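Let's learn to read a strand and the sheet around it. Keep the structure in view as we talk.

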Amino acid sequence: MSEKIVTLAHGAGGKQTAELIKEVFASHFSNPEFTADDAAVLDMGNGKIAMSTDGFIVSPFEFHGGNIGKLSICGTVNDLSCMGARPRYLTCSFIIEEGFPLSKLEEIAASMEKTAAEAGVKIVAGDTKVAGKGQVDHIFITTTGIGTLTEGFSTSGAFAKPGDAILVTGDIGRHGCTILLAREDLGIEADIKSDCAPLWGTVESMIRATKDIHVIRDATRGGVGTVLYEIASESDVGVKLDSTAIPVDPSVRGVCGMLGLDPLYLANEGTLVVIAPKEQAQTLLAVLKEGKYSANAAIIGEITDAMPGKVVVTTEIGAETLLPQPGGELLPRIC
């Protein structure tokens with residue numbers, strides 16, 4: 001029998017990623033603080049913090065709407081924000097390929113500086129390694145962040161309850177579609193810009209409106225569909241979506257139609273999935289509609305007690321279909 005190996009599918013955010021984490025990392029790293037959420041919540045004795053780390057290997061490293069530097073700040077800031085934590089400090093690690101232009105490195109650093117300032121975080125330490133030609137695809141960045149928890153507020157993928165409403169804070173699939181068009185010679189002309197953005201302000205505005213929010217998740221690798229399958233599994237609930245309510249940019253919808261892709265499985269870098277009691281949904285939606293990065297927010301479905309662990313989609317003609325379980329290599333190197 002041949003030895004099992006790591007494939008690109010293991011990094012796509014779907015079924016294989018979950019299996020890799022469960023079978024390898026969770027089995028060796030398991031402890032009371034080990035979490036499936038976007039960041040770990042840690043009790044420091046005199047208060048709680050959230051801590052998260054994320055690696056970024058996006059190809060190409062520049063894209064419409066940002067670059068790997070902006071992405072590296074947004075990714076970790078947003079993971080902290082999803083736990084209701086105000087981002088405070090970041091560290092960063094660079095692995096740079098020999099021959100990488102210094103002018104491009106400075107552009108990336110400047111983008112990180114600008115995005116960190118917008119997010120209200122300080123970059124306080126870091127590490128730099130230079131790898132030989134061909135050992136790295138241009139540049140890889142890892143950021144680790146710490147944030148302070150909002151008092152009286154707690155979220156988790158295990159907190160979703162039947163009857164809850166499901167919201168997204170913006171239209172879906174733009175980042176994944178942007179990277180796809182930037183990387184592949186598909187002969188498709190479309191004006192699509194990544195939604196890459198720091199979202200603590202978005203989360204803070206929701207918390208100010210109500211602390212009665214059960215789940216907030218960053219819909220990055222694997223997109224909204226994968227996140228909803230994760231939540232359905234963690235909370236042991238069913239998910240029911242209204243396909244007509246899901247916001248998708250017309251250009252993204254057109255590209256997906258041509259390539260046979262589902263926007264629900266395309267990555268986002270500025271869109272959150274929010275699950276809250278139904279009576280809070282309209283309040284949250286109104287707040288989001290006023291936000292800088294959430295004007296396209298929508299209520300897209302509800303949590304049910306039917307078919308636990310599954311995601312069902314109601315189509316335009318009223319029929320119900322099971323959303324396929326995420327798996328395989330969906331769209332590599334999007335973050």
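What follows is a short dialogue on one strand, its partners and its sheet.

Q: What kind of model is this?
A: This is a predicted model.

Q: Is strand β11 mostly covered or mostly exposed?
A: Buried means under 20% relative accessible area. Strand β11 spans residues 272-276, and 5 of its 5 residues are buried. The strand is mostly covered.

Q: Which way do the residues of β11 point?
A: In a regular strand, side chains alternate between the two faces of the sheet. Now look at β11. L272, V274 and A276 point one way. V273 and I275 point the other way. All of them are buried.

Q: Which strands pair with β11?
A: Strand β8 (residues 165-168) runs antiparallel to β11, with 4 bridges joining them. There, L167 has V274 as its bridge partner. Strand β9 (residues 215-218) also pairs with β11, in the antiparallel sense, over 4 bridges. In that pair, R217 stands opposite V273.

Q: What does β8 join besides β11?
A: β8 is joined to strand β12 (residues 298-304) by 4 bridges, and the two run antiparallel. Here A165 has E302 as its bridge partner.

Q: What is the strand order in the sheet?
A: The order is β9-β11-β8-β12-β10-β13-β14. This is an open sheet of 7 strands with mixed pairing. β9 and β14 (320-322) stand at the edges, each with a single partner strand, so one side of each has no neighbour in the sheet. From one strand to the next, the twist averages 25 degrees.

Q: Which strands does helix α8 lie across?
A: Helix α8 (residues 278-289) lies across β8, β11 and β12. The helix runs at about 15 degrees to β8.

How values were computed
Residues numbered from 1 in each chain as written. Predicted model: local features only at pLDDT ≥ 70, side-chain atom pairs only at ≥ 80, totals over all residues. Heavy atoms only, no water. Buried < 20%, exposed > 50% of the residue type's maximum accessible area, 1.4 Å probe, protein only. Pairing = 2+ DSSP bridges. Axes fitted to C-alpha atoms, helices over the stretch in contact; angles between N-to-C directions. Contact = heavy atoms within 4.5 Å.
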